[in-house]
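Open the model in your viewer and keep the sequence panel beside it. We will go from the whole chain down to a single side chain.

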Amino acid sequence: MVVAVFGVWQLGGDKAVIVGVLTTAFTAISGVTTAYLGIKAVSNTAQNIALGNGTGRPPAGGTGVAGAVGGGVDGVPAQRGPEAPVG
């Protein structure tokens, strides 16, 4: 910020210079902020997985809807074939 103010002051405060400096400063700050938040999110996710706090897939045949419907594998209901004729 100090460098931007000093640069605008040395170049006479032309409007085009001010717009250019502010655009560049905004881009740099946005890039650093986005990188920080992305790294922080990945770090938090990895820490939760390592500590066992992550939300993984439910076990096969669990208490969810898929487990109640047809005893599928990995939460996917089992496929049923054509019914055999009775009698």
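The tour below starts with the whole chain and then moves along one helix.

**Whole chain.** Select everything and color by pLDDT. This is a predicted model. Mean pLDDT for the chain is 74, with 59% of residues at 70 or more. Now switch to a cartoon. You should find three helices and zero strands, in the order α-α-α from the N terminus.

**Surface.** Turn on the accessible surface. It totals about 7400 Å². Carbon and sulfur atoms account for 68% of that area. Of the 87 residues in the chain, 3% are buried.

**Confidence extremes.** Select residues 65-70, which form helix 3. Among the elements, helix 3 has the lowest mean pLDDT, 49. Then select residues 15-51. This is helix 2, with the highest mean pLDDT of the elements, 90.

**Helix 2.** Stay on this element. How many residues does helix 2 have, and how far does it reach? It has 37 residues and spans 53 Å from first C-alpha to last. That is close to the expected 54 Å at 1.5 Å a residue.

**Ser30.** Zoom to Ser30, which sits within helix 2. Is Ser30 buried, partly exposed or exposed? Its relative accessibility is 27%, so Ser30 counts as partly exposed: the buried class ends at 20% and the exposed class begins over 50%. Show sticks for Phe26 as well. The Ser30 side chain reaches the backbone oxygen of Phe26 at 2.9 Å. In an α-helix, residues three or four places apart point the same way, because there are 3.6 residues a turn.

**Last stop.** Move to Gly52, just after helix 2. Check its backbone: Gly52 has a positive phi of about 80°.

Methods: Residues numbered from 1 in each chain as written. Heavy atoms only, no water. pLDDT = per-residue confidence, 0-100. Helix = DSSP H or I, 4+ residues; strand = E, 2+ residues; numbered from the N terminus. Buried < 20%, exposed > 50% of the residue type's maximum accessible area, 1.4 Å probe, protein only. Areas by Shrake-Rupley, 256 points an atom, 1.4 Å probe, with all protein chains shown as cover. Expected span 1.5 Å × (residues − 1). Polar contact = N/O pair within 3.5 Å; in protein donor to acceptor, adjacent residues only side chain to side chain.
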